[in-house]
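Open the structure in your viewer and keep the selection tool at hand. The stops below go one selection at a time.

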Number of protein chains: 2
Amino acid sequence: MALIEKNLQSLTLPTEPNSLYAPKKYIIESGGKRIRPILVLMSCGLCGGDPKDSIPAATAVELLHNFTLIHDDIMDQAESRRGNPAVHMKWNEATAILAGDGMFVQALLQLQHLPSTVDHKRITKVFLDGINTVCEGQALDMDFETRDNVTLDEYLKMISGKTAALLSASMVMGGLCATQDEETLNRLNVIGTSLGLAFQIQDDWLDVVADPDRFGKRKAGDIYEGKKTFLMISALDSCSESNRRKLQDYMKHLPLNDEQVQEVIEIYKNCGVSEKAEEVSRSYYRQAEETLEQFADSSYKEDISNLINYLKNREI
Amino acid sequence: MALIEKNLQSLTLPTEPNSLYAPKKYIIESGGKRIRPILVLMSCGLCGGDPKDSIPAATAVELLHNFTLIHDDIMDQAESRRGNPAVHMKWNEATAILAGDGMFVQALLQLQHLPSTVDHKRITKVFLDGINTVCEGQALDMDFETRDNVTLDEYLKMISGKTAALLSASMVMGGLCATQDEETLNRLNVIGTSLGLAFQIQDDWLDVVADPDRFGKRKAGDIYEGKKTFLMISALDSCSESNRRKLQDYMKHLPLNDEQVQEVIEIYKNCGVSEKAEEVSRSYYRQAEETLEQFADSSYKEDISNLINYLKNREI
């Protein structure tokens with residue numbers, strides 16, 4: 001963690017033009033859990049490498065992640081991020097679009113600093129394929145807003161992109177700084193993807209069950225906004241015909257009011273979608289843990305195992 | 001040209017999610033002069049390589065160029081592009097931001113298809129440094145809008161980024177597909193940069209002197225919009241104190257009306273800025289030509305020479 005922060009803070013970005021570089025500094029310094037860069041370093045260690053060799057890759061994925069937040073906040077018209085005004089609110093949309101683009105370039109340039117033993121072409125491909133899948137996930141998510149027939153398979157494809165792809169890329173990139181063994185790299189891909197799916201479905205589930213003070217988000221915020229979450233899609237899939245019509249009707253007149261949200265929560269309870277979400281999320285966490293088990297014991301393996309436990313048990 | 005079109009049209013992009021890939025197809029099929037990819041192929045040939053080897057790099061720069069157009073049109077709130085509605089007008093801003101991001105990824109992925117003899121790390125660095133300089137140029141251009149003390153040096157720095165950097169990167173990338181000789185690559189950099197500066201200053205100059213029917217833009221459009229062009233900055237620098245105050249006052253209340261535009265053109269005439277622009281543009285074209293002369297004779301050398309002549313003599 002200290003390694004990552006030191007590197008992120010000491011990135012020698014130019015100071016001019018200020019409108020291009022100030023927003024980058026602003027969002028990087030606004031914090032974040034830094035889960036992706038930590039996964040890069042730990043995966044490198046897990047595969048027998050020296051995590052220091054993978055620092056440029058760790059910096060790259062964190063810059064990339066922050067770039068996606070800047071652009072996502074414009075697309076979603078979000079006003080704040082990490083308790084501060086979103087970049088497009090603090091400056092303006094044009095500045096936010098351009099600062100994001102510039103940050104994307106800086107992310108890729110980090111890979112120039114990897115040791116020459118790392119296959120630059122290959123690690124770049126893993127990174128770019130990951131980013132492309134994130135873009136596809138974001139496009140699906142936006143498409144879902146205007147559709148009322150989203151299937152659970154489509155939802156899983158969306159979160160495979162939007163949440164899981166960059167976690168998987170982070171782990172494989174860390175691995176590529178230490179090994180070229182395909183079986184090992186495939187395992188890292190499975191762990192990263194499973195973690196991402198588990199995390200996102202858990203997020204959907206925590207929306208209705210978590211204590212908002214500890215979870216840090218408005219209780220049932222997803223329901224108020226009419227988001228197509230795992231819970232909503234499962235409910236539409238398994239509830240009675242009359243409830244389905246009610247849900248579909250609600251989704252057409254957003255945002256919902258308090259009374260409607262209570263009714264939706266009631267419907268969720270009746271068809272047991274919270275339990276289903278918890279179960280599916282836990283099974284993905286288990287897949288991550290079982291795949292991790294196949295690696296040789298090391299302090300890095302323990303670290304990743306602890307990280308999985310930390311994520312699994314956040315809130316409640 | 002045929003090679004480039006064939007490659008651009010046959011890019012096997014997925015069709016889903018449609019909102020991510022349809023805008024890319026739309027802007028690619030809307031045409032353009034394809035100057036950058038042509039420069040890639042010709043530069044490869046100029047350095048003794050087989051232009052076919054550089055096709056992935058040519059496709060990359062054209063995709064990148066089209067990505068910048070999508071995002072620039074949002075930032076500039078432009079309504080049309082190449083006679084069609086701009087992407088953010090045909091779809092919406094969120095779709096245009098995301099489609100641009102996705103196109104950026106596709107541009108970089110093209111470099112994966114280069115022959116293994118090409119140094120992937122180095123050609124990627126040239127490309128990314130070029131894009132970063134384009135971003136810096138765009139940021140300066142936006143900053144200029146709210147400033148009334150832009151110097152000619154700052155203007156040259158802005159167009160070095162916004163216009164010249166990608167032309168230079170195109171030529172150096174083409175060269176890198178054939179040679180690693182530093183002197184040769186430096187020459188390509190000089191030609192590309194000079195061409196970009198010459199082209200942009202000529203563009204500023206054609207705005208007031210060209211026949212709008214042949215130039216394809218509204219006569220004096222830059223003056224109506226109060227753009228900080230080579231002409232405007234030179235005029236502010238060299239005209240009388242009273243005229244300077246008049247120009248600065250006009251720039252505060254945009255857009256200008258017909259009468260004001262006529263007065264500005266009159267001021268331009270009085271201080272001879274059109275002649276100065278023409279002279280500076282021609283001297284950059286000359287620098288490009290003289291640097292090209294240093295290469296061994298070949299059909300590619302002739303092709304580039306013809307391209308320079310075509311650009312130099314467009315309109316009038």
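**Stop one: a helix in chain B**

Select L20(B), Y21(B), P23(B), K24(B) and I27(B): these are the buried residues of helix α2(B). They lie on the same side of α2(B), because the arc they cover around the axis is only 160 degrees. The model is a predicted one.

Now select the whole helix, residues 18-29 of chain B. α2(B) has 12 residues, and the distance from its first C-alpha to its last is 16 Å, close to the 16 Å expected at 1.5 Å a residue.

Turn to the other side of α2(B) and pick N18(B) and E29(B), which are exposed there. Then move just past the helix to G31(B), where phi is positive, at about 95 degrees.

**Stop two: what covers the helix**

Which elements cover the buried residues of α2(B)? In chain B, select α4 (55-75), α5 (87-90) and α6 (93-110), which are included in the cover. Add α7 (120-144) of chain A, which is also part of the cover.

**Stop three: the contact between the chains**

Show both chains and select the residues in contact: chain A gives 30 residues and chain B gives 30 residues. On the side of chain A that touches chain B, the elements giving two or more residues are α2 (18-29), α4 (55-75), α6 (93-110) and α7 of chain A. Select α7(A) last, as the element that gives the most to this side, with 14 residues. Colour the residues of this side of chain A by type, and they divide into 17 nonpolar, 8 polar and 5 charged.

Conventions: Residues numbered from 1 in each chain as written. Chains lettered and ligands numbered in written order. Predicted model: local features only at pLDDT ≥ 70, side-chain atom pairs only at ≥ 80, totals over all residues. Helix = DSSP H or I, 4+ residues; strand = E, 2+ residues; numbered from the N terminus. Expected span 1.5 Å × (residues − 1). Buried ≥ 20, exposed ≤ 12 C-beta atoms within 10 Å, placed from the backbone. Arc of directions from axis to C-beta. Contact = placed C-beta atoms within 7 Å. Nonpolar A, V, L, I, M, F, W, Y, C, P; charged D, E, K, R; others polar.
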